[in-house]
Amino acid sequence: MIHENDHYDRKELIRMTCAIFGEKITEEELEKRAMLWYMADHAGEPEILDEYPDIFQKLSKMPYVEVRDAIAKNENTPADVLTELSKDESWEVRESVALHKNTPESVIERLANDEEELVRDAVQWRKEHGTE
């Protein structure tokens with residue numbers, strides 16, 4: 001299955017982001033991050049789940065925000081993983097959790113009081129428009 005992010009060069013996006021923030025990244029690290037991001041986008045596919053049954057849990061703990069955010073956006077991410085991601089240090093990840101259809105209502109209620117306005121806005125949008 002083709003994911004919307006497959007139309008982008010993940011390595012180039014990571015490279016550009018690192019350059020913007022003045023971070024140095026090796027080619028090996030770049031390859032690793034791009035592959036983990038790909039896996040996060042495709043985590044719900046049967047061939048990946050068969051080989052890595054705990055992929056959502058493992059990828060949700062990666063140090064790379066693009067990987068955690070992709071897990072938070074993956075339509076197959078289970079509620080328990082979304083609950084953990086709702087406490088992520090990155091507001092982008094918490095925003096994605098707020099918009100996810102599998103996020104428990106108790107988590108949505110907590111995110112409605114998030115310190116980041118964009119997360120609170122996502123909760124409001126969800127209430128007005130739903131998740132489908």
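In which helix does Met16 lie? Select Met16 in this predicted model, and you will find that Met16 belongs to helix H1, which covers residues 10-20. Because its relative accessibility is 43%, Met16 counts as partly exposed. Add Tyr8 and Leu13 to the selection, and a nonpolar patch on the surface appears, formed by Tyr8, Leu13 and Met16, with about 290 Å² of accessible area together.

Next, select Arg10 and Asp41, whose side chains meet in a salt bridge, with 2.7 Å from N to O. Arg10 lies in helix H1 and Asp41 in helix H2, so this pair ties together parts that are 31 residues apart in sequence. Both partners are worth viewing with the surface turned on, since Asp41 is buried and Arg10 is buried as well.

Now show helix H2, residues 27-41, as a whole. With 15 residues at 1.5 Å a residue, helix H2 should span 21 Å, and the distance of 21 Å between its end C-alpha atoms agrees with this. The buried residues of H2 include Leu30, Arg33, Leu36 and Trp37, and what covers the buried residues of H2 includes H1, helix H3 (46-51), helix H4 (55-59) and helix H5 (65-73).

From Arg33, move to Glu66, because the side chains of these two residues meet in a salt bridge with 2.8 Å from N to O. The pair links distant parts of the chain, with Glu66 in helix H5 and Arg33 in helix H2, 33 residues apart. Glu66 is buried, and Arg33 is buried too.

For salt bridges of another kind of arrangement, select Lys11, Glu12, Arg15, Glu27 and Glu31, which are linked in a network. Then go to Glu84 and Lys87, whose side chains meet in a salt bridge with 3.5 Å from N to O; Glu84 counts as partly exposed at 47% relative accessibility, whereas Lys87 is exposed, with a relative accessible area of 51%. Across the whole structure, a search finds 11 salt bridges.

The last stop is helix H9, residues 117-129, whose 13 residues at 1.5 Å a residue should span 18 Å, in agreement with the 18 Å between its end C-alpha atoms. Select Val119, Ala122, Val123 and Arg126, the buried residues of H9. They cover an arc of only 100° around the axis, which puts them on the same side of H9. Turn the helix to its other side, where Lys127 and Glu128 are exposed. Helix H7 (91-99) and helix H8 (105-111) are among what covers the buried residues of H9. After H9 comes Gly130, where phi is positive, near 80°.

Methods. Residues numbered from 1 in each chain as written. Predicted model: local features only at pLDDT ≥ 70, side-chain atom pairs only at ≥ 80, totals over all residues. Heavy atoms only, no water. Patch = residues over 30% accessible without salt bridge, like charges linked within 9 Å, V, L, I, M, F, W, Y side chains within 5 Å. Areas by Shrake-Rupley, 256 points an atom, 1.4 Å probe, with all protein chains shown as cover. Salt bridge = Lys/Arg side-chain N within 4 Å of Asp/Glu carboxyl O. Helix = DSSP H or I, 4+ residues; strand = E, 2+ residues; numbered from the N terminus. Buried < 20%, exposed > 50% of the residue type's maximum accessible area, 1.4 Å probe, protein only. Expected span 1.5 Å × (residues − 1). Arc of directions from axis to C-beta. Contact = heavy atoms within 4.5 Å.
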